[in-house]
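Visitor: I should like a close look at a single part of this model, together with its surroundings. Please take one short helix and explain how it is placed in the protein.

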Amino acid sequence: MPRISKPQDKQNAKITQNLDWNDFVSDIIMGKYALLIGSEVMLKKSSDCGYGDSTRSILDCIMEDLKATQVLGPDFRCDTFTELAIRCGRSDIREEIIRSLEDGPLKTYECLIEDMSEELTRLLRTKFFRVVMTTTFDPYLENLMRSIWGDNLRILNIYDDTNCDISANEQCSDEFDIKPTLYYICGKVNKRGKKFVASENDAIEVVARWFSNKAPKNFLSYLHTKGLISLGCKFDNWLFRFFWYILRAGDIVDSSLKDTVAIS
């Protein structure tokens with residue numbers, strides 16, 4: 001049975017209790033939760049889709065490209081972009097990702113909605129989650145959410161200085177007043193010069209940005225009034241634990257809305 005944990009008393013003690021599914025589902029329907037999605041639940045569980053992990057699928061595709069050009073040996077394997085950069089002696093791994101995902105003659109990877117997890121697709125098509133965040137850099141979620149919300153969808157990106165926050169009057173909006181929003185909390189693949197998290201060094205840089213004066217203060221304030229559901233993010237991953245901390249930290253939590261943690 002999943003568990004929930006929420007601040008309760010003036011001593012900030014945390015009380016853990018069994019999750020009441022009826023209350024949980026009711027709160028989701030009422031828009032009291034934001035959704036945080038990692039790469040591990042993005043795709044269908046097949047070998048050609050990274051066994052469900054979109055980042056793994058893109059990594060496998062790039063390794064195959066490098067093997068085809070004999071940059072890598074036929075038996076080369078690795079599990080992360082950091083490891084790939086180190087073991088093949090390349091400092092331009094982010095450039096390889098951009099080339100694989102951007103439109104153009106060098107594009108080798110298609111982010112198709114039909115490859116996405118059927119469960120995740122059904123969940124988002126309920127339209128119960130108006131605010132969705134992702135730790136991924138690929139456009140899978142964006143493509144799906146655009147098919148659901150159309151031109152009404154707003155895209156925010158921590159690395160976009162002109163479009164990384166919501167307006168001040170949305171901080172305390174009613175449950176369904178906020179515009180449907182997808183937030184790339186680790187950056188997204190974009191035209192050259194844009195940044196996103198691919199390696200561990202990139203992860204350190206994005207952490208520094210979230211702690212700086214460039215962090216989206218209105219957006220964070222809004223999230224502090226919501227429960228947060230995380231799907232496809234490993235709690236033993238330090239970057240995810242950091243984001244969980246920064247998205248839930250602060251003393252401005254509206255206790256009437258259940259500052260609830262639900263991790264799957």
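Guide: The following account takes helix H5 as its subject and then moves outward to the rest of the chain.

The model is a predicted one, so its confidence deserves attention before any detail. The protein chain has an average pLDDT of 82, and 83% of its residues score at least 70. Two stretches stay under 50: residues 1-16, with 32 contacts beyond four places in sequence, and residues 251-264, with 39 such contacts. Where pLDDT is low, the predicted coordinates should not be read in detail. As for the overall make-up, the chain has nine helices and eight strands. Of its 264 residues, 50% count as buried.

Helix H5 comprises residues 118-125, and within it Leu120, Thr121 and Leu124 are buried. Because these residues cover an arc of only 100° around the axis, they lie on the same side of H5. An α-helix has 3.6 residues a turn, so residues three or four places apart point the same way. The face turned away from the buried side carries Glu119 and Arg122, both of which are exposed. What does the buried side meet? Its residues pack against strand E3 (33-37), strand E4 (131-134) and helix H6 (140-149). Just after H5, Lys127 adopts a positive phi of about 65°.

Leu124 leads from the helix to the interior. The largest nonpolar core has 48 residues, and Leu124 is among those that touch the most other members, together with Phe81, Leu84, Ile97, Val132 and Leu141. Apart from this core lies another, of 32 residues, which includes Leu156, Tyr183, Cys233 and Phe240. In soluble globular proteins, nonpolar side chains tend to be buried together.

Leu84, listed beside Leu124 in that group, shows how such a position is surrounded. Beyond its neighbours within four places in sequence, Leu84 is in contact with Leu59, Ile62, Met63, Leu66, Leu72, Phe76, Cys78 and Ile93. One of these partners, Leu72, is found in the loop between helix H2 (54-68) and helix H3 (81-87). Leu72 counts as buried because its relative accessibility is 7%, under the 20% cut-off. The C-alpha atoms of Leu72 and Leu84 are separated by 9.8 Å, the two residues being 12 apart along the chain. With neighbours within four places again set aside, Leu72 is in contact with Met63, Leu66, Lys67, Leu84 and Cys88.

A buried position need not hold a nonpolar residue, as Arg154 of strand E5 (residues 154-157) illustrates. Arg154 counts as buried at 14% relative accessibility. Not counting residues up to four places away in sequence, Arg154 touches Ile166, Glu170, Ile178, Lys179, Pro180, Thr181 and Leu182.

Cysteines also occur in buried positions. Cys186 is buried, with a relative accessible area of 2%, and Cys111 counts as buried at 11%. The structure nevertheless holds zero disulfides. For Cys111, the nearest cysteine sulfur is that of Cys61, 9.7 Å away.

Finally, the chain as a whole may be considered. Among contacts between residues at least 6 apart in sequence, 66% join residues at least 24 apart. The chain exposes about 13400 Å², of which carbon and sulfur atoms supply 50%.

Conventions
Residues are numbered from 1 along each chain as its sequence is written. This is a predicted model: local features need pLDDT of at least 70, side-chain atom pairs count only at pLDDT 80 or more; totals for chains, interfaces and linings use all residues. Side-chain values use heavy atoms; hydrogens and water are left out. A disulfide is a pair of cysteine sulfur atoms within 2.5 Å. Buried means under 20% relative accessible area, exposed over 50%, partly exposed in between (1.4 Å probe, protein chains only). Helices (H or I, at least four residues) and strands (E, at least two) are DSSP runs, numbered from the N terminus. The arc is that of the directions from the helix axis to the C-beta atoms. Contact means heavy atoms within 4.5 Å. pLDDT is the predictor's confidence in each residue, from 0 to 100. A nonpolar core is a set of buried Ala, Val, Leu, Ile, Met, Phe, Trp, Tyr and Cys residues joined through side-chain atoms within 4.5 Å. Accessible areas come from the Shrake-Rupley method with a 1.4 Å probe; for residues, only the protein chains shown count as cover.
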